[in-house]
Amino acid sequence: MESVPENNFPSLLAKIRGFLREEVFPLEREFLSRPFRELLPALSEKRERVKALKLWTPQLPKEYGGLGLKLTEFARVSEELGSTPLGHYLFNCQAPDAGNLEVLIEHATPEQKELYLLPLVRGEVRSCFSMTEPEHPGSNPTWMSTTAVRDGEDYVINGHKWFTSSADGAAFAIVMAVTNPDEPKPHKKASQIIVPTDTKGFRIVRNISVMGDEGSDYASHAEVVYEDCRVPQRNLLGREGEGFLIAQERLGPGRIRHCMRWVGICERAFDMMCEHAAHRELSPGVPLGSRQTVQAWIA
Ligand SMILES: Cc1cc2nc3c(=O)[nH]c(=O)nc-3n(C[C@H](O)[C@H](O)[C@H](O)COP(=O)(O)OP(=O)(O)OC[C@H]3O[C@@H](n4cnc5c(N)ncnc54)[C@H](O)[C@@H]3O)c2cc1C
């Protein structure tokens, strides 16, 4: 994979940082006080700005319009983008779409790429990943009840999922379902199948409240049921029984990105704490930061 020349990388980070500070930080009050869905027109404008700045989908190879960054380089970008809760979304490298983009690049057929990958690359649609189930521990993705049974040309999917992030408003889900129940190896029982969300039998029950907020649109985590949900067998991603393997492929780089995003969040929170300590005056000319306990927190 081609990479940004070493000497350009710091200027790339500086460009991203400048854009976030000048054009994205000012949107945060709205983000915190209004439903995400109401911000979509403003966010859509910013996404166009990111495209114009040639910073769109930085994590993707150049042939898909990305910057062709190595994982370690994108980790640094992810840290910068983590400085605001809107960063990854505006650059089209937000979970769960980022993981879906990767597995579609690796495993989709030419037809699936045309129908699902390319609209996602262009930011015309969003997607979700539907693996975790309420009835089973999400930490053990070899154990699930959702099934996909072959019937004629189709799969018929039945199951119950939750924490399907960003399902609200998504165009399609990539669903983990058991296709090979008799397979003795537990990690070869399930497959990943693409399900357009307008398919009959795909139903969002609710957006689950997370930290007291059920959210909306991209900023949400849904409970979903699949009731005799019928999709063509050509919607299978990769081969039957490869669901676990493909899930591991997405989760590996995902861990690095999520952690670096959190480093970015922590750095921003720390900067805000220092700024507040320096400027909040307890009495004229005596800032909060003059107090030893506050200094100890910062140190
Ligand atoms: C905000 C959010 C977004 C999410 N988005 C998605 C999504 O888009 N798609 C999706 O499919 N899922 C998603 N998930 C689900 C996530 O993958 C699961 O929550 C996760 O896998 C853990 O599963 P669980 O919640 O069922 O906890 P469990 O697996 O039931 O674990 C419960 C507790 O046991 C601990 N534990 C588990 N196994 C062990 C062990 N072997 N030894 C010691 N301790 C153990 C865990 O650390 C945890 O504290 C999301 C979750 C959250 C919170």
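Here is a friendly conversation between a visitor and a guide about the structure above.

This is a predicted model, in which local features need pLDDT of at least 70, side-chain atom pairs count only at pLDDT 80 or more, and totals for chains, interfaces and linings use all residues. Residues are numbered from 1 along each chain as its sequence is written, and side-chain values use heavy atoms, leaving out hydrogens and water.

Visitor: Which residues surround the ligand?

Guide: Let's begin with the rule: a residue is near a molecule if one of its heavy atoms lies within 4 Å of it. The residues around the ligand are Phe-129, Met-131, Thr-132, His-136, Pro-137, Gly-138, Ser-139, Phe-163, Ser-165 and His-221.

Visitor: How many charged residues does the shell around the ligand have?

Guide: Asp, Glu, Lys and Arg count as charged; Ala, Val, Leu, Ile, Met, Phe, Trp, Tyr, Cys and Pro count as nonpolar; the others, Gly among them, are polar. Sorted this way, the shell has 4 nonpolar and 6 polar residues, while the number of charged ones is none.

Visitor: Which side chain has an N or O atom 2.6 Å from an oxygen atom of the ligand?

Guide: We are looking for a polar contact, meaning a pair of N or O atoms within 3.5 Å; within protein, one must be able to donate a hydrogen and the other to accept it, and residues adjacent in sequence count only if both atoms are side-chain atoms. Thr-132 has a polar side-chain atom 2.7 Å from a nitrogen atom of the ligand, and Ser-165 has a side-chain N or O atom 2.7 Å from a ligand nitrogen atom. The partner of the ligand oxygen atom at 2.6 Å is Ser-139.

Visitor: How much of the area that the ligand exposes when taken alone does the protein bury?

Guide: Accessible areas come from the Shrake-Rupley method with a 1.4 Å probe, and for residues only the protein chains shown count as cover. Taken alone, the ligand exposes 980 Å², and the share that the protein buries is 40%.

Visitor: Is Ser-127 buried or exposed?

Guide: Ser-127 sits in strand S1, residues 127-130; strands (E, at least two residues) and helices (H or I, at least four) are DSSP runs, numbered from the N terminus. Buried means under 20% relative accessible area, exposed over 50%, and partly exposed in between, using a 1.4 Å probe and protein chains only. Because its relative accessibility is 0%, Ser-127 is buried.

Visitor: With which side chain does Ser-127 make a polar contact of 2.6 Å?

Guide: Contact in general means heavy atoms within 4.5 Å, and Ser-127 touches residues including Pro-96, Ser-165 and Ser-166, not counting residues up to four places away in sequence. Its side chain makes a polar contact with that of Asn-100 at 2.9 Å. The partner at 2.6 Å is Asp-97.

Visitor: Which peptide bond is cis?

Guide: Most peptide bonds are trans. Pro-96 lies in the loop between H5 and helix H6 (97-107). With omega near 0°, the cis bond runs from Ala-95 to Pro-96.

Visitor: What is the phi of Ser-166?

Guide: Most residues other than glycine have a negative phi. Ser-166 is in the loop between strand S3 (154-165) and strand S4 (172-178), and it counts as buried because its relative accessibility is 1%. Although Ser-166 is not a glycine, its phi is positive, about 65°.

Visitor: Is Asp-228 buried or exposed?

Guide: Asp-228 is found in strand S7, residues 221-232. It has a positive phi of about 45° although it is not a glycine. Since its relative accessibility is 54%, Asp-228 is exposed.

Visitor: Which helix gives the most to the largest nonpolar core?

Guide: A nonpolar core is a set of buried Ala, Val, Leu, Ile, Met, Phe, Trp, Tyr and Cys residues joined through side-chain atoms within 4.5 Å. The largest has 27 residues, and Leu-12 and Ile-16 are among those touching the most other members. Helix H1 (9-24), helix H3 (40-52), helix H4 (71-81) and helix H5 (87-90) each supply at least two residues of this core. With 7 residues, the top contributor is H1.

Visitor: With which side chain does the side chain of Glu-23 make a polar contact?

Guide: Glu-23 lies in helix H1 and counts as buried because its relative accessibility is 18%. Leaving aside neighbours within four places in sequence, Glu-23 is in contact with Lys-46 and Arg-49. The polar contact, at 2.5 Å, is with the side chain of Arg-49.
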